[in-house]
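Me: I have a new model open and would like to talk it through with you. Could we take it step by step?

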Amino acid sequence: MKNIERLVHHVLLWGLALSAALLLGGLIVWAFRGGELPTTITMPPASFADLARAQPIGFFSTGLFVLVLTPFARVAGSIVLFAKAGDRRYTAITAVVLLVMVAGLLLGRV
Amino acid sequence: MFLLIFLTAVVAGAFGSMLGIGGALILVPVITLFLDVPMKVAIGASIIGVIATSSAAQIVYVDHGITHTRLGMALELATTVGAIGGALTAAMVDVRVLQLLFAIMLFWAAWSMRGRRAARRPSIPTGVLDDQFLDPATQTVVRYGVRHLPLGLGLSLLAGNVSGLLGVGGGAVKMPVMHVIMGVPLKAAIATSNFMIGVTAATSAAVYIGKGFVDPLIAVPTALGVLLGAQGGARLASRLPTRVLRTLMVLTLTVFAIQMLWRTVA
């Protein structure tokens with residue numbers, strides 16, 4: 001059980017570190033390349049295309065998207081934790097919460 | 001401007017993670033009042049800020065085992081159902097009535113959190129969702145159970161409904177409901193509320209991004225500042241005496257209530 005808690009801890013930590021690194025990287029690239037910044041970030045796959053072209057907005061969009069994903073990791077980890085503990089009721093409740101979260105994510109793409 | 005937002009975000013992150021509230025009620029007014037930024041951009045930035053507050057603080061709270069994940073998920077489900085209901089019925093209700101209702105809820109929360117009655121009530125296992133954590137401030141293991149689970153679920157439904165209609169996160173209501181009604185120790189209620197607001201914000205984040213609410217010029221310094229502030233806030237909160245947190249909480253809730261009341265009359 002403790003192992004999964006450690007895993008959740010590490011996923012959160014590395015997720016936030018990756019997000020912060022992308023945001024800081026974006027600032028550095030922006031400082032060197034300059035130029036107008038779009039007034040809104042994009043969702044994947046558009047943000048990945050910008051990132052591949054080393055555009056500052058690609059860094060910002062991807063960094064903020066990674067940040068948005070961190071609560072998903074936390075909830076998904078809890079599902080595994082409850083399932084392993086044999087707690088069917090809370091495995092189901094948490095799975096429904098995750099489903100709603102995923103639905104919200106997909107809603108933003110249309 | 002970048003630096004100003006960053007510094008505001010550090011403070012909002014620290015405050016938000018210490019009290020288990022989103023900090024939207026701190027970030028939005030500051031960003032809109034002091035910087036010439038449209039409301040929708042401020043909301044977009046504060047959604048990002050809430051997620052950053054939640055995840056950064058959860059690293060600390062998961063580590064200390066203070067978050068009651070089961071309770072959080074049960075209440076989250078009720079809140080979500082309420083929020084969806086709220087979104088569906090939004091056109092039928094007067095916003096001012098809701099704002100007044102929300103202000104009253106916040107005044108009630110502040111009033112019930114104050115004083116010794118809540119402080120003296122012992123936290124004991126009840127057989128319902130019993131949990132325990134080690135309080136780093138006193139180095140004692142706190143064991144507790146949940147009281148009035150159905151009532152708590154009902155109130156979460158209502159809070160989700162109202163906050164869905166008003167576009168506010170609802171951490172300021174979830175926290176007092178858990179602590180005052182359900183008998184959850186203050187620190188566990190803060191950590192659990194902190195967990196829930198991140199889930200709520202992450203659920204709606206993609207929609208806000210899709211609508212073009214998230215301006216990188218505002219959201220990036222917000223995210224970076226909050227990540228820094230929330231780490232410190234969460235570490236500080238688990239070490240502070242409960243009494244100090246309670247006082248801060250009452251003051252903050254009162255300010256929010258007045259803010260909401262102001263919106264009603266303005």
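Below we go through confidence, overall architecture, surface and charge, and then a single residue.

Me: Happy to start with confidence. What ipTM does the predictor give the complex?
Reply: Good place to begin, since this is a predicted model. For the complex the predictor reports a pTM of 0.91. The ipTM that goes with it is 0.94.

Me: Which helix of chain B has the lowest confidence?
Reply: Chain B has a mean pLDDT of 84, with 93% of its residues at 70 or more. Its confidence is highest in helix 10 (residues 216–239) of chain B, at 92. Where pLDDT is low, predicted coordinates should not be read in detail. At a mean of 55, the lowest confidence in chain B falls to helix 6 (residues 115–120) of chain B.

Me: And which element of chain A has the highest mean pLDDT?
Reply: Chain A averages a pLDDT of 91, and 96% of its residues reach 70 or more. The lowest element mean in chain A is 90, for helix 1 (residues 2–33) of chain A. The highest, 94, belongs to helix 3 (residues 56–84) of chain A.

Me: On to architecture. Where do the strands come in the order of elements of chain B?
Reply: Chain B contains 11 helices and two strands. Reading from the N terminus, the order is α-α-α-α-α-α-β-β-α-α-α-α-α. The two β entries therefore come after α-α-α-α-α-α and before α-α-α-α-α.

Me: Why is chain B called as compact as a globular protein of that length?
Reply: The C-alpha atoms of chain B fill a box of roughly 50 × 40 × 30 Å along the principal axes. For 266 residues the globule rule gives 18 Å. Chain B is as compact as a globular protein of that length because its radius of gyration is close to that value, at 17 Å.

Me: What radius of gyration does chain A have?
Reply: Chain A is built from four helices and zero strands, and its C-alpha trace spans about 55 × 30 × 20 Å along the principal axes. A compact globule of 110 residues would have a radius of gyration near 13 Å. Chain A instead has 17 Å.

Me: What share of the contacts in chain A with a separation of 6 or more comes from residues 24 or more positions apart?
Reply: For chain B, residues 24 or more positions apart supply 80% of the contacts with a separation of 6 or more. For chain A, the corresponding share is 58%.

Me: Now the surface and charge. How far apart do the centres of the positive and negative side chains of chain B lie?
Reply: Chain B exposes about 10,400 Å², with carbon and sulfur atoms supplying 69% of it. Its charged side chains are 18 positive and 8 negative. The centres of these two sets in chain B lie apart by 10 Å.

Me: How many negative side chains does chain A have?
Reply: About 5,700 Å² of chain A is exposed, and carbon and sulfur atoms supply 71% of that. Chain A has 9 positive side chains, and the centres of its two charge sets lie 9 Å apart. The number of negative side chains in chain A is 4.

Me: Last one, a single residue. Is B:Thr53 buried or exposed?
Reply: B:Thr53 sits in helix 3 (residues 39–64) of chain B. Beyond its neighbours within four places in sequence, B:Thr53 touches several residues, including B:Gly13, B:Gly16, B:Asn194 and B:Val226. Its relative accessibility is 1%, and a residue under 20% falls in the buried class. So B:Thr53 counts as buried.

Note on methods:
Residues are numbered from 1 along each chain as its sequence is written. Chains are lettered from A and ligands numbered from 1 in the order in which they are written. Side-chain values use heavy atoms; hydrogens and water are left out. The radius of gyration is taken over C-alpha atoms; the globule rule is 2.2 Å times the number of residues to the power 0.38. Contact means heavy atoms within 4.5 Å. Accessible areas come from the Shrake-Rupley method with a 1.4 Å probe; for residues, only the protein chains shown count as cover. Lys and Arg count as positive and Asp and Glu as negative; His and the chain ends are not counted. The place of a charge is taken as NZ of Lys, CZ of Arg, CG of Asp or CD of Glu. pLDDT is the predictor's confidence in each residue, from 0 to 100. Buried means under 20% relative accessible area, exposed over 50%, partly exposed in between (1.4 Å probe, protein chains only).
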